[in-house]
Each structure stands twice: as C-alpha cells, then as structure tokens.
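Subject: A structure for you to look through

Hi there,

Here is the structure I promised to pass on to you. Have it open while you read, and my notes on what turned up in it follow underneath.

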Amino acid sequence: MTGTEPGEPAAVTAPARRVRLPGRDTSARVAASVVGGVLWYLSFPPRPVWWLAPVAFALLGLAVYGRRARAGFGYGFLFGLGFLIPLLHWTGLYVGVIAWWPLSAFEALMMAVGVAAIAVVSTLRGAPVWAALLWVGDEALRARVPFGGLPWGKVAFGQPDGIYVSLAALGGTPLVGFAVTLTGFGVAALVIAWTKGRRPVALIGAGLAVVLPVAAAAATWPLVGTDPNAGTAVVAAVQGNVPRLGLDFNAQRRAVLDNHVRETEQLAAQVAAGRARQPDLVIWPENSSDIDPYVNADAYDEISAAAAAIKAPISVGAVVSSQAPGPKNTAILWEPGTGPVDQYVKRQLQPFGETMPWRSFFAHFSPDVAKAGNFVAGTKPVVFGMGPAKVGLDTCYEVAFDSVVRDSVAGSTLLAVPTNNATFGLSEMSYQQLAMDSERAVEHGRAVVVAATSGVSAIIQPDGTITQQTGLFTAATLVATVPLRSTTTLADRLGGWPEWVLVAAGLLALAFGITTRARRRDTAN
C-alpha cells in the first residue's frame, strides 16, 4: 500500500530503515490477516470501539502489500474468517455449525476475491485509494449474490458511534465503507513508505489518505438535521416478549399475540390514568401475530380490542397464510373501530429462514432444512398513514439492504423497523441489527422506531442517537415524541450512484494493475 513501485532506483533520497514490517514474511502476514479480521469484528457493536476498523484494514494492507493475487486471496480468506466466524456466531446458535461455519467460510471466500484484487493494485501509485474502491466493490457483490446477497458485516454497519457515520447522509453505506478502509489502507501505506525510506512525496501521499477521510467526516458532522419540519408524533413501540428462547419461540403463537395485546392494553390504562402520553401510533414487531387475523376471528378480535383500548392505529406484524399465492410476512395497518385497512408484505426475504434455496439439495446435509419457510415476497414499498406520520416500513432483515430501505423512505416522515430476533437468543445479533438501524437514521435523516418481539426495541433520532432502548427477552413499551421529517438527504437523491461510481473506479484501477504487472513480467523476461 504505497504510492511508488517496489524495486525503484537508488535515487531514493532517504536510506532504508531497518524496521521489520508486520507483513514481511508469510507467518507475519498470516498473523496480520487473522488479527486484523478479529479486530474488525471487535469494532462492531455492542462494543463502542469503532476506531478498531481502520486498524484492522491497516493490518490487511500490510499483509497483502506486494503480493500476487493468489496470495492476496489466501490472506483475504483468513481476514474474512477472523471477522465472520465470531460476527455470525448467532446463525448457529440453535442449529449448530451446519449453518454458521459454511456461511462464514463462503462469505470469507467472497471477501477473499476482493482482497486478491487489492493485492494486484497494492504497489500502484495511489494504492490506498484503489484498495478502498475495490473493497466497496466487493461489498457490493456480497450484498447481491448469492440468493439475494448478505450485506451483514458491511463496514458502515460497525460505525454508528464513530466519526465516519455522518458520511452516510452524503453517499450511504458505500461512502462510509470507502472512508474507513481508505484510512486503514493509508496507515499501511504510511508505514511502508516510512520503513522503506521513500521520498517525502510518498509519505505525504500516504498521510493524506489517512487524514482526508477523517477530516471529511469531521467537517460533515453533524450533517443531518433533526428539526421536525413535518411536525412531531408520539410513538409507542411494543415489545411483548416470547414464551421461550430458541427456534420454537412461536410454538405458543397465541401466547405471543396475547403478550402484545396485554402490553398495549396496559399502556392504554396508563394513558387513561395520566401516567403515560397518548400515542399517535403504535408499532408492534414482526411475528407479533403468527395467527392469521384475516381468518382467525379470535386473533382479529384481540387486535381490534387492543386498538380500541389505545385509541391509535397499530402496525401489526402478522404471518398471513390466507392470501394467494402463499404465506407472507406482513405488516397490517389496524385502525381502531375499523380493523385492517392496509398492509405491507416483506420484500427481502431471508434465505435459509423464510425461504429455502435448493431445498432438496441442502436436505441431504441437515434435517433442519425442513424448518425453513416457503414465504412469498412482496413487490412494492408501502407507506402507512398513521396519525400525523407517514411511516415507511422495513421488516427485520430488510434493514441491511440499501435499495430496500431507500425505497421505503420515499414519501415517508418516519421509519419503522418491526423485527423478530427471538430465534437468535442472547447473542449479539440484535445489537448488530440495531447498529444498522442507527446508520439508516443518519443516511436518510429520519427518526427510526424499532419494535422487536424480544429485544432490542429502540427509539432512534435522525442523527443516529438512541434515546431509548429495551433489554433482551423482557416485556416493555417505549413511548416517545419523535420528529417527523420530509426532507431528503443527498444520499437519498443520489440513490445507488455513489456505489456504482466507486465500483467502476475500482474496476478501472484493477484493470490498470493487471496491465502494469503484465508489462513488468514482459520486461523482466
């Protein structure tokens, strides 16, 4: 990661220093890759040490500097394993390593492809910039393939408490990822330039790669306004809790529904007694009614009673199995005295959970494949009119996908994220998802209401600040006045363009790097 080529002539002005680079030999490079991956994981919430991410990428930059693509692939795979195995531990909490290890290994292989490309450009002038661009490209690929992609673990999702998050309002998650990795690769370039006694211009170039993204992030903070330019609303996020931990959390489906009805009616009693504010709208979590209220009169009556008691519209997370062509993960807008008036069907379904790709093939490896659903995806975003608010919805897993959230925000003044993390127990999964919610608040300049069946529910301000949150596996209700905002951020207006521009620039740098290496080989021969 430096601005000059290895093997440059003896005209270098400063003598080479006898300092051992962490990436000088294979064992050191392996150690730097693994440690870097682990440090990157440790930078993610619930730990508030976001600054470890640039350190992690500095170690990766040192590991792959001057290596061929094949070696870069290997170091990238180790880096990915060091990051993904602990990050995705929750995927195997109740089904074992059959989900956790293969998923981690596959995603690490995809990450390794990007690092192989980074190795190719590692000795070009401006290498930190090209490396950061290629990292954004690799994240774009992993967010789309296979089976719809897995954006979980994007660099930006570890930065909600850091200085870089303000850049999300300018260019979304790709710009945040570019800035963080540019800082890290710049540090690597600075170390290499110093230890090799490079010209001052090389030191200055590497230093700029470190300083500029930090300065840009600081200059734009706080970029997102929090003024209620579309008014305010009193929201209630209801967390009813579930009967038990584990995959059978909804075995007692009526109990889950009863819990949310009970919490809502208790809030209504507190409002009547003057101990709580009257909410303008209520958000229930995903799977708060796994009993289809369209065909089950008892569920319909219970929800209607809760809406009548609280005197406010409720967004009810329900599994609807009575509508063709198949079961749907649905948010239903339930008006007091009227009943269901609108619905949103989850568009980005979770593979190996709500759907099962290659079901017959994977059934050979685990009987747990039978537990995966056969849900039908929705086709369009829906904005609920709830009191004074226009509420865009993203259900659980959807909040990880840039384009899905961007579509949901259009026309909204408030964003709601109903979610169900009960199958992931007491793991870090809920906090990782909460970090995404905070990043989305900044990216789109919207307050975000998170309602979870079992935690963590939260109220998030448009600047990403979490003002209220619940614990895991507790029954609770959050009530807060939130700003309603109709303005759009630059990231909203640019849409997917920042990512595509960054990816295209990275691919051009890769092509140049491949051509340059080919010329060197021809010259050497």
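The second largest pocket has a volume of about 320 Å³, and please keep in mind that this is a predicted model. Its lining is made up of 20 residues, and those nearest the centre of the pocket are Pro160, Asp161, Ser438, Gly464 and Ile466. Two elements, helix H12 (429-444) and strand E11 (466-469), each give at least two residues to that lining. Which one supplies the largest share of the lining? That is H12, with five residues. If you sort the lining residues of this pocket by character, you get 12 nonpolar, five polar and three charged.

Both H12 and E11 lead you on to a sheet. Strand E11 belongs to an open sheet of six strands, ordered E6-E7-E8-E9-E10-E11, with mixed pairing. Its edge strands are E6 (383-386) and E11, each of which pairs on one side only. From one strand to the next, the twist averages 20°. Inside this sheet, strands E9 (residues 448-452) and E10 (residues 458-460) run antiparallel and are joined by three bridges. To find one of these pairings on your screen, look for Val450, whose bridge partner in E10 is Ala458. Helix H12 lies across E8 (414-419), E9, E10 and E11, and it runs at about 25° to E10.

Now for the other six-stranded sheet. This one is also open and mixed in its pairing, and its strand order is E5-E4-E3-E2-E1-E12. Why is one side of E5 (339-345) and of E12 (476-483) left without a neighbour in the sheet? These two strands stand at the edges and each has a single partner strand, so there is no neighbour on the remaining side. The twist here averages 30° from one strand to the next. Strands E1 (residues 232-239) and E2 (residues 281-283) pair in the parallel sense over three bridges, and Val235 stands opposite Leu281 in E2. Helix H8 (residues 253-272) packs on this sheet, where it touches E1, E3 (314-320) and E12. The direction of H8 makes about 140° with that of E1.

At the E5 end of the strand order, E4 (residues 328-335) and E5 are paired in the antiparallel sense over six bridges. One pairing to look up is Ala331 with its bridge partner in E5, Tyr344. The two strands form a hairpin with three residues between them, and Gly337 in the turn has a positive phi of about 80°.

A few details of the backbone are worth a visit too. The peptide bond from Val145 to Pro146 is cis, with omega near -10°, and Pro146 sits in the loop between helices H5 (127-142) and H6 (168-195). Phe147 is in the loop between H5 and H6 as well; its phi is near 55°, a positive value in a residue other than glycine. Another cis peptide bond joins Ala324 and Pro325, with omega about 5°. Pro325 is found in the loop between E3 and E4.

Finally, zoom out to the whole chain, which has 14 helices and 12 strands. Its C-alpha atoms fill a box of roughly 85 × 55 × 35 Å along the principal axes. The radius of gyration is 25 Å, which agrees with the value near 24 Å for a compact globule of 525 residues.

Happy exploring!

Key
Residues numbered from 1 in each chain as written. Predicted model: local features only at pLDDT ≥ 70, side-chain atom pairs only at ≥ 80, totals over all residues. Heavy atoms only, no water. 1 Å grid on protein atoms, 1.4 Å probe; cavity = no way out; pocket = protein on both sides within 12 Å on 5 of 7 lines; lining within 4 Å. Points joined across faces, edges and corners; volume = space filled by probe spheres on them. Helix = DSSP H or I, 4+ residues; strand = E, 2+ residues; numbered from the N terminus. Nonpolar A, V, L, I, M, F, W, Y, C, P; charged D, E, K, R; others polar. Pairing = 2+ DSSP bridges. Axes fitted to C-alpha atoms, helices over the stretch in contact; angles between N-to-C directions. Contact = heavy atoms within 4.5 Å. Rg over C-alpha atoms; globule rule 2.2 N^0.38 Å.
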